[in-house]
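Student: I'm new to this structure and would love a close look at a single part of it. Could you walk me through the aromatic rings, and then show me some other spots to visit?

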Amino acid sequence: MRDIAFIGVGTMAAEMVGRFVERGWMVHLLDPRPEATEPFQGLAGVSIYDTVGSLVQNADAVLLSLPTPAVLLEVSKQLSASGPLENPVTLINTSTSGLSATRTAAELITPGMAFIDAPVSGGKAGARRGTLTIMVSGPQEAVDRCAPVFEVIGQRVVYVGPQPGQAQVMKVANNILSLGALAATAEATALTSKAGIPLGVAIEALNVSSGRNSATSVKIPNHVLTGAFDFGFPVEGALKDVSLFTDAASELGLPSPVAQAVVACWQLAVDQGYGTQDCTRITTMYERMAGLGTEGADGRHE
């Protein structure tokens, strides 16, 4: 397996594409936004396509890195209509697309295609370093066949089951915890800042206490205290992901009061105008609601 295709070349996928290019793979790209593929124009081994049908004929595996469940379903329909394939193709859905849409997408594929559910965790930095965690579900044989692909982008592959959608459930469970921790930490540190405790001091205290989490240990030290706000995932994406958890909970008949509260936090951030900004900007929203202006208690500028 040496021909890899990407449908969707967004923030995370662009980093993954770069790793395959560096390792000499033949890389095939499709994205409706010219600016997404422009950095790869003219590179050796890279081909850029206008249609799904032409791209899928030239790849052993196709990574789907798509922004919403609706786009995944539309691309899956295009793939199913792409005609007979000369060689088998494995579709690897790295998007966070939720349980329902992923199940439907898997049902849409045609003979000659295998579908693997493989959402990733680790953010833009993990994609750049090739240290992503890949949660995988699907036929074991197809998953094993994609080991060379996973080795390029991930540090750990966790096989969670044979059914499409199971990896999505695992991913949204991870994201409700991760994004819930970020929202809760933003709220908690707005309180400590309001009391006059510098954010850096609060984070230091939390990180040696039982409140330590992925926001206190990574997101706020690396992307908020630095003033960069560059974790690489937008607020509207966070709202999408936590909403997919409550959708899956509803579909599987599980009450989700905590998740509903997390959704409300991220919905508020979108309503306050932060939708296209980095998810770490939720700390700015809480600071403003606390009346801390644009600097925060420790004089940290946006």
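Tutor: F6 has a relative accessible area of 0%, so this residue counts as buried. Keep in mind that the model is a predicted one. Searching the whole structure turns up two aromatic pairs. In one of them, the ring centres of F6 and F20 are 5.8 Å apart and the planes stand at 65°, which is over 60 degrees and therefore makes the pair edge-to-face. This pair links distant parts of the chain, since F6 sits in strand β1 (residues 3-7) and F20 in helix α1 (residues 11-22), 14 residues apart. F20 is buried as well, with a relative accessible area of 0%.

F20 also takes part in a pair with W25, again edge-to-face, with 4.9 Å from centre to centre and 75° between the planes. Both F20 and W25 are buried. Put together, the ring pairs join F6, F20 and W25 into a cluster.

Now let's move along to helix α5 (residues 99-108), where you will find T102. The relative accessibility of T102 is 0%, so T102 is buried. Setting aside residues up to four places away in sequence, T102 touches L72, N93, S97, F115, D117, P164, G165 and Q168. Helix α5 also holds A106. With a relative accessible area of 16%, which is under 20%, A106 is buried too. Beyond its neighbours within four places in sequence, A106 is in contact with F115 and P164, and both of these also appear among the residues that T102 touches. If you would like a sense of distance, try A106 and E86: they are 20 residues apart in sequence, and their C-alpha atoms are 20 Å apart in space.

One more stop is a meeting of two helices. The axes of helix α9 (residues 166-194) and helix α13 (residues 257-274) come within 10 Å and cross at roughly 55°. The two helices are therefore oblique to each other, and their crossing is left-handed. On the α9 side, the contact is made by I176, L179, G180, L182 and A183, while α13 brings A259, V262, C265 and W266. What kinds of residues make up this contact of α9 with α13? Eight are nonpolar, one is polar and none is charged.

Conventions
Residues numbered from 1 in each chain as written. Predicted model: local features only at pLDDT ≥ 70, side-chain atom pairs only at ≥ 80, totals over all residues. Heavy atoms only, no water. Helix = DSSP H or I, 4+ residues; strand = E, 2+ residues; numbered from the N terminus. Buried < 20%, exposed > 50% of the residue type's maximum accessible area, 1.4 Å probe, protein only. Contact = heavy atoms within 4.5 Å. Axes fitted to C-alpha atoms, helices over the stretch in contact; angles between N-to-C directions. Parallel < 35°, antiparallel > 145°, perpendicular 65-115°, else oblique. Left-handed = near helix turned anticlockwise from the far one by under 90°. Nonpolar A, V, L, I, M, F, W, Y, C, P; charged D, E, K, R; others polar. Phe/Tyr/Trp six-rings, centres within 6.5 Å; stacked < 30°, edge-to-face > 60°.
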